[in-house]
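Take a moment to look over the sequence and turn the model around on your screen. Then let's walk through it together, one piece at a time.

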Amino acid sequence: MSATSTAVRRKRAATAGFHLGAGALAVLWLLPIALVLVTSLRSFDDIAVHGLGSWPRSFTLDNFRQAWVDGGQQRALINSLVVTIPCVLVTLALAAMAAFALSRYEVPFRRSLLLLMLGGNLLPPQILLIPVSKLSELMGVYDTLPALIGVQIGFGVGFYVFVLHGFMRAIPVEIQQAALIDGAGPWQIFRRIILPLTRPALAALSFTWIFNDLLWAITVLRSDSKMPITGALIGLQGQFVSMWNVIAAGSVIAAAPTVAVFLRFQRHFVAGLNLGAVK
Amino acid sequence: MAVLTVPERTSPAPPPPRGRRTRGPRRTPPLVLAFLLVPLLAEAVWVFWPALQGFYLALTNWDGVSAPEFVGLGNFREMAHDQVFRTAAVDTVLWLVLFGGLSALLGLGAALLLQQERRGVGFYRAALFRPVVFSLVATALVWQAIYQPDGVLNQLLETVGLGSLRHAWLADQDTALYAVIVPALWRQVGYVMVLYLAGLKGIDPALYEAAKVDGAGPWQRFRHVTLPQLRGVNAVVLSVIIIDSLRSFDVVWSLTRGGPYHSSELLSTYMYSTAFQSLRLGYGSALAVVIFVLAFGVIASYLVRAFREAD
């Protein structure tokens, strides 16, 4: 047997080994997702008789109706979007403004301010929970969506200021100077040059982040009718105890928007997680 | 999920000269100051001011209705004799070691396995990464179905002849904590993998070539090229997992609420139930201060590094 054919064979074995290992890992990771998808489409009786792990012997979309209507997921999803979308827009706009000021102008104490803002975002939320819930009572917004919007913006903005500051530092000053010579004021520079930098990466990241939050929601909200989808899912767990078909359907509904955002912005999303590294 | 940025690698180009000329205009227009002050105000109202209050409240007894009563370090003295606090602290350390350590190891392992661009690798990466976009609540509910007494895990054990291991995984004090860690890991590994993949991509292939020429085997290349080159990413991963571990709340809350009998209690869940269910707001604040102190080292060292790079 010639040396080359041994080499080819060895390479093939290595490739097969790779796919075997990586494939097994992928299956292990996808199995729970497959399980919840299948469970969400089975009837209660089927699960009760044959168990959760059995091959499905029924097909129904009624679970989704139950979660959506009886479980209040429709309202919860609307609440989530009402909170998440303004949060993403306002947080990124505010962060871009601050980052613009800090990276482009000789603001006094600029480095300290930048790190102060980042530091606020790194704090463990626990230290803020009690005062924030009392503060929202004081401001008369406890148990309303604006309270959740406010705290999400306040807590999130520091991180994006830091990241965008990194982006903006990388833009050559000459561009800004050219714009100045052309008579553009700070506002125009911000609008035309800086704001477009607030990339989809950050939007996708912050959407997922805010949409998936539970802790802030249960800190400033109490009524079931105000809860976003994460809080509603916990309510569903209590309302439909052991009705795994409905709980699974609820989980699918809760995960669908972030999965959709992820699939739409996949590249940006992964880039978002690696901001510094891919800059 | 905490997201931190990976520090910039030192670029081959020399850094631009420091000094006034490389920066923008010297005078700060009022509009620009407003640009800075509005976000700062938002953060001050919702973060800085509450944080200061949090530290003060830790020194008080407060039921949330009458005025807080100042008790000095009384809450911290109480902790010393609080059995539940001790359990929660031990569990938090266990969580840090198991959740943090395993997610770093598995994430690095997955990144090493999937670093090469080849057929199918995109699918495998996407599979490992997919849970990252799920909320921890949804993740928890998926795994709750798996862990049920008549759930998938027990059925699986039965099928492979290990029926004697059947178990109410979440209801047993000995297994609850570990049963909660697994879903958290399932979701975290893909995230750590993405961080390491980016780090591995940044390593100059010439280094591996040089090591190969010098006769280094795969293990030596990993030990002497890959690991040292990943130092920056390692530091970020370390910060992420410590901050995430101390913040972990959603998954425990959704699965066990810290029970049974506090066996899966973390400091974060104990703090929440003390504050918002037992309405002991002063003691809850003191517990939050403990969490803050534990996180402080990581936060400070991360900020110091950020400070060096910020200019």
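How far apart do the end C-alpha atoms of residues 77-101 of chain A lie? The answer is 36 Å, and the whole span is helix: 100% helix and 0% strand. Keep in mind as you look that this is a predicted model, with an ipTM of 0.84 and a pTM of 0.86.

That span isn't a random pick. The unreviewed UniProt entry lists it as a "transmembrane region" of chain A, along with residues 20-41, 113-133, 145-167, 201-221 and 241-263. Try residues 145-167 of chain A next: here again you get 100% helix and 0% strand, and the end C-alpha atoms are 32 Å apart.

Now zoom out a little on chain A. The chain is split into domain 1, residues 3-61, and domain 2, residues 63-278. Their C-alpha centres sit 34 Å apart. The two do touch, though: 11 residues of domain 1 of chain A are in contact with 10 residues of domain 2 of chain A. On the domain 1 side, α1 (3-39) and α2 (44-50) of chain A each supply at least two of the touching residues. The largest share, 3 residues, comes from α1(A). Sort that side of domain 1 by class and you find 6 nonpolar, 4 polar and 1 charged residues.

Let's hop over to chain B. What is it built from? Chain B has 13 helices and 2 strands, and its C-alpha atoms fill a box of roughly 70 × 65 × 35 Å along the principal axes. Of its 311 residues, 44% are buried. If you take the contacts in chain B with a separation of 6 or more, 68% of them are between residues 24 or more positions apart.

How confident is the predictor about this chain? The average pLDDT of chain B is 85, and 91% of the residues score at least 70. Residues 8-24 of chain B are a spot to treat with care: pLDDT stays under 50 there, and the model has 15 contacts beyond four places in sequence for that stretch.

UniProt has notes on chain B as well. Its unreviewed entry places the feature "transmembrane region" at residues 30-49, 93-114, 126-146, 176-198 and 281-304 of chain B. Have a look at two of these. Residues 30-49 of chain B are 100% helix and 0% strand, with end C-alpha atoms 25 Å apart. Residues 281-304 of chain B are also 100% helix and 0% strand, and there the ends are 32 Å apart. The unreviewed entry also lists "domain: ABC transmembrane type-1" at residues 89-304 of chain B. Over that span the chain is 73% helix and 0% strand, and the end C-alpha atoms are 27 Å apart.

So where do the two chains meet? The contact takes 89 residues from chain B and 87 residues from chain A. On the chain B side, helix α1 (residues 30-57) gives the most, with 18 residues. By class, that side of chain B has 63 nonpolar, 17 polar and 9 charged residues.

Time for some small details. Find helix α6 of chain B, residues 152-159: its buried residues are Val152(B), Leu153(B) and Asn154(B). Just after α6(B) comes Gly161(B), which takes a positive phi of about 85°.

Is a positive phi common outside glycine, or rare? Most residues other than glycine have a negative phi. Two residues here go the other way. Phe109(A) has a positive phi, near 60°, and you'll find it in the loop between α4 (73-104) and α5 (110-122) of chain A. Is Phe109(A) buried or exposed? Phe109(A) counts as exposed because it has 9 C-beta neighbours inside 10 Å, and the cut-off for exposed is 12 or fewer.

The other one is Arg257(B), with a positive phi of about 55°. Arg257(B) sits in the loop between α11 (250-255) and α12 (267-276) of chain B. With 16 other C-beta atoms within 10 Å, Arg257(B) is partly exposed, since a residue needs 20 or more to count as buried.

Methods
Residues are numbered from 1 along each chain as its sequence is written. Chains are lettered from A and ligands numbered from 1 in the order in which they are written. This is a predicted model: local features need pLDDT of at least 70, side-chain atom pairs count only at pLDDT 80 or more; totals for chains, interfaces and linings use all residues. UniProt positions are given in the numbering used here, feature names are shortened, and annotations may be inferred rather than shown by experiment. Helices (H or I, at least four residues) and strands (E, at least two) are DSSP runs, numbered from the N terminus. pLDDT is the predictor's confidence in each residue, from 0 to 100. Two residues are in contact if their C-beta atoms, placed from the backbone, lie within 7 Å. Ala, Val, Leu, Ile, Met, Phe, Trp, Tyr, Cys and Pro count as nonpolar, Asp, Glu, Lys and Arg as charged, and the others, Gly among them, as polar. Domain bounds come from an automatic or database domain assignment.
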